[in-house]
Amino acid sequence: MARRKNELLTEVELEFMQTLWDLGEGTVREVHAALPQVTPRAYTSVATVLKVLEGKGYASSEKKDRTLKYRPAFGRSAYEVKFLRETSDAMFGGAPSALVARLIEDENLSEENLDEIRKIIEERIGRDTP
Amino acid sequence: MIRPEALMNLLIDANLALMIAALAFALIEGCMRFAGYGRAYSARLRLVMAAVYVVALSPLVLFFFRTYGGGEIPGFSDLMIAQFLKGNISIHPILFDDLLSARSSAVAMVAEGRAPLLILLAFLLIGAALARLIYVAMNLFQVMSLVRGAITLRRIGRIQVMVSDRVHVPFSTRGLRRFYVVLPQDILMDAPLMKVAIGHELQHIRQRDLECEILAAVLSPLFVLNPAFWYLSQKLRGLREFACDFEYMRRSGCARVDYARSLVKVAEAAFLQAPQRTMFAFSVPFVGRSRLFSRTARSGLKTRVNVLVAGEVGKPGQMLNMGLLVVLAGMILTGTAMLQKSTGWSHDRIMMSTVVNLERLNSRNNP
């Protein structure tokens, strides 16, 4: 799998790394249990994100008693330094606009625009929920 | 070796055909709105897609029509000549002839390097086409890189559902054989949202929107300065999203309100939280610059939500659908055939040529 090692972490990945840094090491099940339970998460989704972290070089895994144990491969303070140093990477983010069909197009949305849209939904079809 | 004149004529014909297609579509769409079918998004999408395919196939259809019994279709210039000979157009014969042959004269002048202004215009066109070609190539590279860097979550036949940490909006694309649905990593944490996003993208694959999108992107350098191309592209993108939304909700039984809330959730994560999530407060201009190129001037989300709220009503029957498609194809093919350069010598053309030659002789003898 062609992945760039040591890219910066996304919000979700950062949440997982915080858990891993706190735990020291853990199986998918242990990480799953230790994550903040704001939204329900599937076991497979947790496994996928841990796999991504390993691919990026932030975590490493080792098989112990037929179970994969994950541990951080990158220290918390080392990441903070890296985060500050590599801010210019943000320039290369984003998705292409030609050759693809996207769920929603890019737009100049503000919090006010979204509030207005939410109001339309709740007022006009808010009671449609079965 | 193809002569530059032949290439230029081909390009002009293709651009004119697209203009005719845009006009024909706008006319039929206007009639549909007038007849109460303005909210029949699937039917309107089929029409705009048909317009694109008819334009692409028009040279082949006209070739078969002319070769197998259809004969020569009278061109626009033939109609004008007939009106001139009947005395319905009062203009000097030499000026009228110059107007009729303006296009072929301009093409010949550019090919022979005789008109600096026209050559400059031709270079401008080539420059714009090259810039668009580079843009499409960069997008292709970006899509390939995103798909290569994504992790496969699931395979459904020829479709690969993947997850990427480099995108904030779910999208679908296709390769030569496989289709790819790429989801942002954050969506993994929200199962209902993930279901809606995958369902929506699978519907795009079912509707063959990706093929149409890729065809439009590949052809775009040839039509980059043609407003008809951008008009049809915009219609195609807008209508395909509306049609996709309603078809997905119909198939999955997802309530309009849940679907609309999902769209808002994705938009919020992609366009409001994403820049903050990176926490690069001091480098916002860098993030902003990269996003500026892909931003459209106005928000489409509100329009889309309003369309969802209003619902899809007044679907035309199968016969009416078929009739509209036949009328649209007929208008485009007839228009395209009429605007093409006439090759034969009709009776009227010989008369016209004689009148023009006599006028030229007269002006030489009596300067």
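Reader: What is the accessible surface of chain A, and how much of it belongs to carbon and sulfur atoms?

Author: Happy to start there. In this predicted model, the accessible surface of chain A comes to about 7000 Å², and carbon and sulfur atoms account for 51% of that area.

Reader: What makes a residue of chain A count as buried, and what share of the chain does so?

Author: A residue is called buried when its relative accessible area is under 20%. Of the 130 residues in chain A, 44% count as buried.

Reader: Which secondary structure elements does chain A hold, and in what pattern?

Author: Chain A has 5 helices and 3 strands. Along the sequence they follow the pattern α-α-α-β-β-α-β-α.

Reader: How do you know that β3 of chain A and β1 of chain B are edge strands?

Author: Each of these two strands pairs on one side only. They belong to an open sheet of 5 strands with the order β3(A)-β3(B)-β4(B)-β2(B)-β1(B) and mixed pairing. The edges are therefore β3 (101–102) of chain A and β1 (151–156) of chain B, because each pairs on one side only.

Reader: Why are β3 and β4 of chain B called a pair?

Author: Two strands pair if there are at least two bridges between them. Here 4 bridges join β3 (residues 171–174) to β4 (residues 179–184) of chain B, so the two strands count as paired. They run antiparallel, and the bridge partner of B:Arg174 in β4(B) is B:Phe179.

Reader: Which helices lie on this sheet, and at what angles to β3(B)?

Author: Helix α6 (residues 116–149) of chain B lies across β1, β2, β3 and β4 of chain B, at about 105° to β3(B). Helix α8 (residues 209–219) of chain B also packs on the sheet, where it touches β3 of chain A as well as β3 and β4 of chain B. The direction of α8 makes about 70° with that of β3(B).

Reader: How do you know that the length of α6(B) agrees with its number of residues?

Author: At 1.5 Å a residue, its 34 residues should span 50 Å, and the end C-alpha atoms are 49 Å apart, so the two agree. Among the buried residues of α6(B) are B:Ile119, B:Arg132, B:Val136 and B:Gly149.

Reader: Where does the UniProt record place "transmembrane region" in chain B, and what is the chain there?

Author: The unreviewed UniProt entry gives that feature at several stretches, including residues 6–27 and 319–339 of chain B. Over residues 6–27 the chain is 100% helix, with end C-alpha atoms 31 Å apart. Over residues 319–339 the chain is 100% helix too, and the end C-alpha atoms are 30 Å apart.

Key: Residues are numbered from 1 along each chain as its sequence is written. Chains are lettered from A and ligands numbered from 1 in the order in which they are written. This is a predicted model: local features need pLDDT of at least 70, side-chain atom pairs count only at pLDDT 80 or more; totals for chains, interfaces and linings use all residues. Side-chain values use heavy atoms; hydrogens and water are left out. Contact means heavy atoms within 4.5 Å. Axes are lines fitted to C-alpha atoms, for helices over the stretch in contact, and angles run from 0 to 180 degrees between N-to-C directions. The expected span of a helix is 1.5 Å times one less than its number of residues. Buried means under 20% relative accessible area, exposed over 50%, partly exposed in between (1.4 Å probe, protein chains only). UniProt positions are given in the numbering used here, feature names are shortened, and annotations may be inferred rather than shown by experiment. Accessible areas come from the Shrake-Rupley method with a 1.4 Å probe; for residues, only the protein chains shown count as cover.
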